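Subject: Structure handover

Hello,

Here is the structure I said I would pass on. Please open it beside this message and follow along as you read.

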Amino acid sequence: MIDYTMISSDEELASICNTLKTKNQIAMDLEADSMHHFKEKVCLIQIADDAQNILIDPLAITDFSPLKLFCEDATIIKVFHGADFDIRTLERDCDVRIHNLFDTEIACRFLGIQRRSLAALLKKHFDLCLDKRFQKTDWSKRPLSDEMITYSINDVVNLLELSQILKKKLEDCGRLAWAQEEFQLQTLVKHDNNTTDPLFMKFKGAGKMSRRGLAVLEQLLHVRMNIASQKNLPLFKIMGAETISRMATLRPVTLVELKQSKALSPKQMGMYGEKCLKAILEGLAVPPDGLPVYPRKKAPDVAPEIPGRIRALKEMREEMSKKTGMEPGFLINNSLITTIAMASPGSQQELLEIDGARHWQMDILGQKIINILNICA
């Protein structure tokens, strides 16, 4: 097994963070238990530097302030792979923010690398195979097995070297500054609480339902959440989205009709049938003036020239995607294209003032966008 140090007390965390402050860069990753519990939590934090591998057990820590100070030290580079989830989770559970990020997944996007999962990159560069079965492991269980520890360390042990390989490639093609801008923006993401009312706002397909359907859907979603909370299980292990959607659409009013709808399995019928039926009936009982409304933004008036601008900008995007090797949606997404087409900025400075626009995008596309807008005015 790879050598490592386990940190499982506040005193040990303070000591190791004090040591890590002397490093120029470290690699980080974390494991959570979202597949197994109602409220997911960070269950393991992995750190590797040039000399040691460290596992922090956050379930045994009460004071994360040393980790917070370390992670927010802008003089130390923190290397992650696909940091979005990690940054949101560390903020939510530990009040920890990441400063000075190098994200190897984002670096791959700037290099046009399509097979950019950590497993694919470790196999390619280090001939290391990650055991995928641990991706769905319940990391809240203690003690951690030797296999789990090995897997978790392998997530970070080669990450520093991988970052150097990718950094050199970015430097060679003049894209390091572009990637660094995106790294900085990635550190600003925040945890999104998806358990606030109305719950249907986070449910895929709710926008297509009638107001009555939304009322029933909301009741069903609350039933599922309450059951999941009581059983300490993730929502999908109680009832899947398709099951909820089917009941909200068909709206059976008796147990016989509910059974005939085949929305619930026989096992689910026995466990949740009565509660679901009660939720449906409560949704159907909401008076017309109390029915929920799915909020919709009024579509702005679109000038006749807008569709032509959008088509021209998308054609340019495809051309530049082939030229740069960067995926079209990463180069510039459809939402930003539409905003630009409608705003019709007259200069690159005005382009940059549009929400979501990046400096690196202006380096690649700025003048071409202005030229297209001038032609399609």
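Two residues are in contact when they have heavy atoms within 4.5 Å of each other. With that in hand, take the contacts in this protein between residues at least 6 apart in sequence: 66% of them join residues at least 24 apart. Please keep in mind that this is a predicted model.

Overall picture

The protein has 377 residues, and buried residues make up 46% of them. Its secondary structure comes to 17 helices and six strands. Along the principal axes, the C-alpha atoms fill a box of roughly 65 × 65 × 35 Å. The exposed surface is about 19500 Å², with 51% of it supplied by carbon and sulfur atoms.

Empty space

Rolling a probe the size of a water molecule over the atoms shows where empty space is left. The second largest pocket has a volume of about 520 Å³. It is lined by 22 residues, and those closest to its centre are L30, E31, Q135, Y151 and D155.

Which element gives the largest share of this lining? That is β2, with five residues. Strand β2 covers residues 25-32, and at least two lining residues each come from β2, α3 (84-94) and α5 (118-126). Sorted by class, the lining of this pocket has eleven nonpolar, six polar and five charged residues.

There is also one cavity of 30 Å³ or more in the structure. The largest cavity holds about 40 Å³ of space. Its lining consists of C108, R109, G112, I113, Q114, R116, G325 and E327. Two of these lining residues are nonpolar, three are polar and three are charged.

A bent helix

Helix α12 runs over residues 266-284 and bends by about 70° at Y272. Y272 is also one of the buried residues of α12, along with Q268, M269, G273, C276, L277, A279, I280 and G283. What covers these buried residues includes α9 (211-231), α10 (241-250) and α11 (255-261).

Two buried residues

L13 lies in helix α1, which spans residues 10-20. Is L13 buried or exposed? Its relative accessible area is 0%, and buried means under 20%, so L13 counts as buried. Leaving aside neighbours within four places in sequence, L13 is in contact with I7, I56, I61, D63, F64, P66 and L67. If you want a distance to try in the viewer, take the C-alpha atoms of L13 and T187: these residues are 174 apart along the chain, and the two atoms are separated by 23 Å.

S152 is found in helix α6. S152 has a relative accessible area of 0%, and therefore it is buried. With neighbours within four places in sequence left out, the contacts of S152 are E31, L44, Q46, L55 and W139. One of these, E31, was named above among the residues closest to the centre of the second largest pocket.

Backbone details

Most residues other than glycine have a negative phi, and most peptide bonds are trans. Three places in this model are worth checking with that in mind.

Where is the cis peptide bond that involves P143? It runs from R142 to P143, and its omega is near 0°. P143 sits in the loop between α5 and α6, the latter being residues 146-154.

N100 is not glycine, but its phi is positive, near 65°. N100 is found in the loop between α3 and β6, a strand of residues 101-103. At a relative accessible area of 29%, N100 is partly exposed.

R251 also has a positive phi in a residue other than glycine, near 50°. This residue lies in the loop between α10 and α11. How much of R251 is accessible? The relative accessible area is 26%; because partly exposed covers the range between 20% and 50%, R251 belongs to that class.

A suggested order for viewing

Start with β2 and the lining of the second largest pocket, to which β2 gives five residues. Then go to S152 and its contacts, including E31 and W139. After that, look at α12 and its bend at Y272. Finish with the loop that holds P143, between α5 and α6.

Regards

Terms used. Residues numbered from 1 in each chain as written. Predicted model: local features only at pLDDT ≥ 70, side-chain atom pairs only at ≥ 80, totals over all residues. Heavy atoms only, no water. 1 Å grid on protein atoms, 1.4 Å probe; cavity = no way out; pocket = protein on both sides within 12 Å on 5 of 7 lines; lining within 4 Å. Points joined across faces, edges and corners; volume = space filled by probe spheres on them. Helix = DSSP H or I, 4+ residues; strand = E, 2+ residues; numbered from the N terminus. Nonpolar A, V, L, I, M, F, W, Y, C, P; charged D, E, K, R; others polar. Bend = angle between axes of the 7 residues up to and from the residue. Buried < 20%, exposed > 50% of the residue type's maximum accessible area, 1.4 Å probe, protein only. Areas by Shrake-Rupley, 256 points an atom, 1.4 Å probe, with all protein chains shown as cover.
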